[in-house]
Amino acid sequence: MYSKLIFSTLIFFSAFFFAQNSKTANTVLMGGKPVHTYAKLPSVNKAAPKFTLTDVTMKDQTLDSYKGKFLILNIFPSVDTGVCSASVRHFNEDAANIPNTVVLCISKDLPFAQKRFCGAEGIKNVVMLSDFRSDFGKMYGVEITDSVMKGLLSRAVVVIDPSGKIVYEEQVADISHEPNYEAAIKAVKN
């Protein structure tokens, strides 16, 4: 009798805990076909979730590493794809002209690949960060949970103001498309 009661109680609390801690999956497209991400992006006017990512020198960088600056998080699957590398180049050009702003280009690529890409392309105005050993993709909702891209990050842009509040977010509807660069830049200048 007691074992059934204990078992039922454990099942109830397990289900309750799971329901409280689960996120709602998000659907985006990849070349017109649906894929799912872990959750939706964090909302505008909310505090940006803290993160720890790895830079090209294998050092940890956190949200607090850039405190007091506008941050543009350029999030994408891999720098070794055409659209992803185009977004890094585009933000590299834009970042040179925006005061008190840092562009963080974030992917699951290893820091060695990111460093190689920046050296070959002459990229100097953005910071490349790797999510290869953190939970950034889940915290920001951008980790792809199915398809051949499972485990990589979807294409998104998040702008964080100097106080750490999100002022703009874009989950690009189709991963094969570039983000709205102008809207991200405008969010920093407003």
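Let's start with Arg89, which is partly exposed, at 32% relative accessibility. Its partner is Glu121: the two form a salt bridge, with the closest N and O atoms 2.8 Å apart. Arg89 sits in helix α2, residues 82–95, and Glu121 in helix α3, residues 111–121, so this pair links distant parts of the chain, 32 residues apart. Glu121 is partly exposed as well, at 35% relative accessibility. Please keep in mind throughout that this is a predicted model.

How many salt bridges are there in the count? It comes to 6. Another one of them joins the side chains of Asp64 and Lys50, at 3.1 Å from N to O. Asp64 is in the loop between β4 (60–62) and β5 (70–75), while Lys50 is in the loop between β2 (33–37) and β3 (52–55), so the pair ties together parts 14 residues apart in sequence. As for the surroundings, Asp64 is partly exposed, with a relative accessible area of 43%, whereas Lys50 counts as exposed at 53%.

Next, please find Lys108. Its side chain meets that of Glu143 in a salt bridge, 3.8 Å from N to O. Here again distant parts of the chain are linked: Lys108 is in the loop between β6 (101–107) and α3, and Glu143 is in the loop between α4 (136–139) and β8 (156–160), 35 residues apart. Is Glu143 buried or exposed? At 16% relative accessibility, Glu143 counts as buried. There is also a network of salt bridges here, in which Lys108, Asp131 and Glu143 are linked.

Now let's go to the aromatic rings. The count is 4 aromatic pairs. In one of them, Phe51 and Phe136 have ring centres 5.7 Å apart and planes at 85°, so the pair is edge-to-face. Phe51 lies in the loop between β2 and β3 and Phe136 lies in helix α4, so this pair ties together parts that are 85 residues apart in sequence. Phe51 is buried, with a relative accessible area of 3%, and Phe136 is buried too, at 1%. Phe136 has a further aromatic pair, with Tyr140, and this one is stacked: 4.5 Å centre to centre, with 20° between the planes. Tyr140, like Phe136, is buried. Put together, ring pairs link Phe51, Phe136 and Tyr140 into a cluster.

On to the nonpolar cores. Which residues touch the most other members of the largest core? They are Ile72, Val88, Phe91, Val126, Met128 and Val159, out of 24 residues. The elements that each supply at least two residues of this core are β5, α2, β6, α3, β8 and α5 (181–189). Of these, α5 gives the largest share, 5 residues. If you would like one residue to zoom in on, try Val126: setting aside neighbours within four places in sequence, Val126 is in contact with Val88, Phe91, Asn92, Ala95, Val103 and Cys105. A second, separate core has 21 residues, among them Leu41, Tyr66, Leu104 and Ile160.

Let me step back to the whole chain. Its secondary structure comes to 5 helices and 9 strands. Along the sequence, the pattern runs α-β-β-β-β-β-α-β-α-β-α-β-β-α. Of the 190 residues in the chain, 43% are buried. Among contacts with a separation of 6 or more, 66% are between residues 24 or more positions apart. The chain exposes about 10,100 Å², and carbon and sulfur atoms supply 58% of that.

Finally, a word on confidence. The mean pLDDT of the chain is 88, and 88% of the residues reach 70 or more. Which element has the lowest mean pLDDT, and which the highest? Helix α1, residues 2–21, has the lowest at 43, and β3 has the highest at 98. Over residues 5–22, pLDDT stays under 50, and for this stretch the model has 0 contacts beyond four places in sequence. Where pLDDT is low, the predicted coordinates should not be read in detail. With that in mind, please treat helix α1, with its mean pLDDT of 43, with some care when you look at the picture. Thanks, everyone!

Technical notes: Residues numbered from 1 in each chain as written. Predicted model: local features only at pLDDT ≥ 70, side-chain atom pairs only at ≥ 80, totals over all residues. Heavy atoms only, no water. Salt bridge = Lys/Arg side-chain N within 4 Å of Asp/Glu carboxyl O. Helix = DSSP H or I, 4+ residues; strand = E, 2+ residues; numbered from the N terminus. Buried < 20%, exposed > 50% of the residue type's maximum accessible area, 1.4 Å probe, protein only. Core = buried A, V, L, I, M, F, W, Y, C linked by side-chain atoms within 4.5 Å. Contact = heavy atoms within 4.5 Å. pLDDT = per-residue confidence, 0-100. Phe/Tyr/Trp six-rings, centres within 6.5 Å; stacked < 30°, edge-to-face > 60°. Areas by Shrake-Rupley, 256 points an atom, 1.4 Å probe, with all protein chains shown as cover.
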